[in-house]
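Biologist: I would like to learn how to read a few features from a structure. Could we take them one at a time?

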Amino acid sequence: MANKRVFRLRERLAERGLKAMLITHPVNRRYLSGFTGSSGYVLVTEQDSWLLTDFRYMTQAPEQAPGFRVVDHGTSAIDKVRELLGGGYGRVGFEQEFVVFSDYTSWSEALAEVELVPVSGVVEELRATKDDGEISVMQEAAMLADETFSHIVGLLKPGMVESDIALEMEVFMRSHGATSSSFDTIVASGERSALPHGVASGRVIGNHEFVKLDFGAYYKGYCSDLTRTVVVGKPTDKHKEIYSIVLEAQMHALEHIRPGMTGVEADALTRDIITRYGYGDYFGHGTGHGLGMEIHEAPRLSRLSQTVLTPGMTVTVEPGIYLPGFGGVRIEDDIVITDNGIKILTSSPKELMILG
């Protein structure tokens, strides 16, 4: 695993004229090395790949990071980096989004013979395309989300508290193999369902209203992300109307997303339908986002994204309509871009589900 990813990173560094790169972001460190410890750095040069960590991980790190030379960085990691680089090493990249200014200034002093070069997104670009092993784990994470939805709709009824529902979902996911939830679980009922990111509150679920459930399982280092909206009690015509529009938009996108599309083009597949029905102003976020080791990563399906979708990319498809004072609907699935279309990882039912 590590050697192939490091090789691809070296290709990217060569394109940028970099002799080495220091990786500090924990997710990128794990992606490149496989190391799951809480502290450490990856240093990739033209010839070597190093994992620097402390004495706590001197047994764990070599087991998890095959192909890496593991070293104890002692009391000063940057001094150990200087030692490994040697004098006059040239241009060395660092992750500009994850290095605070105080670290940068101290690094500049410690690495006076090195030209530190800020780099953006180089490892994230690699992570955007998943290999077969990653997709297999993400399929398992998606299946766990589906099982969680099936479990919770069997319990959901009027009188329940949103936060209690979220806790039950969290317990179910963890008891079935998840490390945690992928993010703070959203349980938003009634008028709160119009909040796109309305995390679970103390609100008591009433009758004849939407309940929006947006959640995912963090499993073996990867995230799933599923949204379903149900009705507790008898739905009104308005409930049925906006639900059917969102479902039509989401199904249309799933039928037509293909490799070679840009994020803008994929976004238009849902947005144009919702706009045609007169609800364009109530769909304020993008159609989807990349998914993997983090809940939001490249690429984006949005009005601003010119990224071209390619096989191996994993994204969500999640159009919505949110009407303040009434409620909102979002329907979301996880998909993989394939050579000639998509594979849908999540499989929970999407017809309007009426509970209670």
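Biologist: Is Tyr104 buried, partly exposed or exposed?

Modeller: This is a predicted model. Tyr104 has a relative accessibility of 30%, so Tyr104 counts as partly exposed. The class runs from 20% to 50%, which means that a value of 30% belongs there.

Biologist: And which class does Phe101 fall in?

Modeller: Phe101 is exposed, because its relative accessibility is 62%. Phe101 and Tyr104 both sit in helix H5, 3 residues apart, which is about one turn of the helix.

Biologist: How is a pair of aromatic rings described?

Modeller: By two quantities, the distance of the centres and the angle of the planes. By the rule used here, there are 6 aromatic pairs. In one of them, the ring centres of Phe94 and Trp107 are 6.4 Å apart and the planes meet at 90°, so this pair is edge-to-face. Phe94 belongs to strand S5 (residues 90-95) and Trp107 to helix H5 (residues 101-110); the pair links distant parts of the chain, 13 residues apart. Both Phe94 and Trp107 are buried.

Biologist: What is the geometry of the pair formed by Phe101 and Tyr104?

Modeller: That pair is tilted, with 6.3 Å centre to centre and 35° between the planes. Ring pairs join Phe94, Phe101, Tyr104 and Trp107 into a cluster.

Biologist: Which residue lies over the face of Phe283?

Modeller: Arg271 does, at 4.2 Å from the ring centre.

Biologist: Now to sheets. How do the strands of a sheet pair?

Modeller: Through backbone hydrogen bonds, in either a parallel or an antiparallel arrangement. One open sheet in this model has 3 strands in the order S7-S10-S11, with antiparallel pairing. Its edge strands are S7 (180-181) and S11 (222-223), each of which pairs on one side only.

Biologist: How many bridges hold S10 and S11 in register?

Modeller: Strand S10 (residues 217-219) pairs with S11 in the antiparallel sense over 2 bridges. Tyr218 has Cys223 in S11 as its bridge partner.

Biologist: Last, contacts. Which residues does Ile342 touch beyond its neighbours in sequence?

Modeller: Leaving out residues up to four places away in sequence, Ile342 touches Leu254, Ile257, Ile335, Val336 and Ile337. Ile342 is in strand S19 (residues 342-344). The C-alpha atoms of Ile342 and Glu255 are 8.5 Å apart, while the two residues are 87 residues apart along the chain.

Biologist: Is Ile342 itself buried or partly exposed?

Modeller: Partly exposed, with a relative accessible area of 21%. Buried requires a value under 20%, so Ile342 does not qualify.

Key: Residues numbered from 1 in each chain as written. Predicted model: local features only at pLDDT ≥ 70, side-chain atom pairs only at ≥ 80, totals over all residues. Heavy atoms only, no water. Pairing = 2+ DSSP bridges. Helix = DSSP H or I, 4+ residues; strand = E, 2+ residues; numbered from the N terminus. Buried < 20%, exposed > 50% of the residue type's maximum accessible area, 1.4 Å probe, protein only. Contact = heavy atoms within 4.5 Å. Phe/Tyr/Trp six-rings, centres within 6.5 Å; stacked < 30°, edge-to-face > 60°. Lys NZ or Arg CZ within 6 Å of the ring centre and 35° of its normal.
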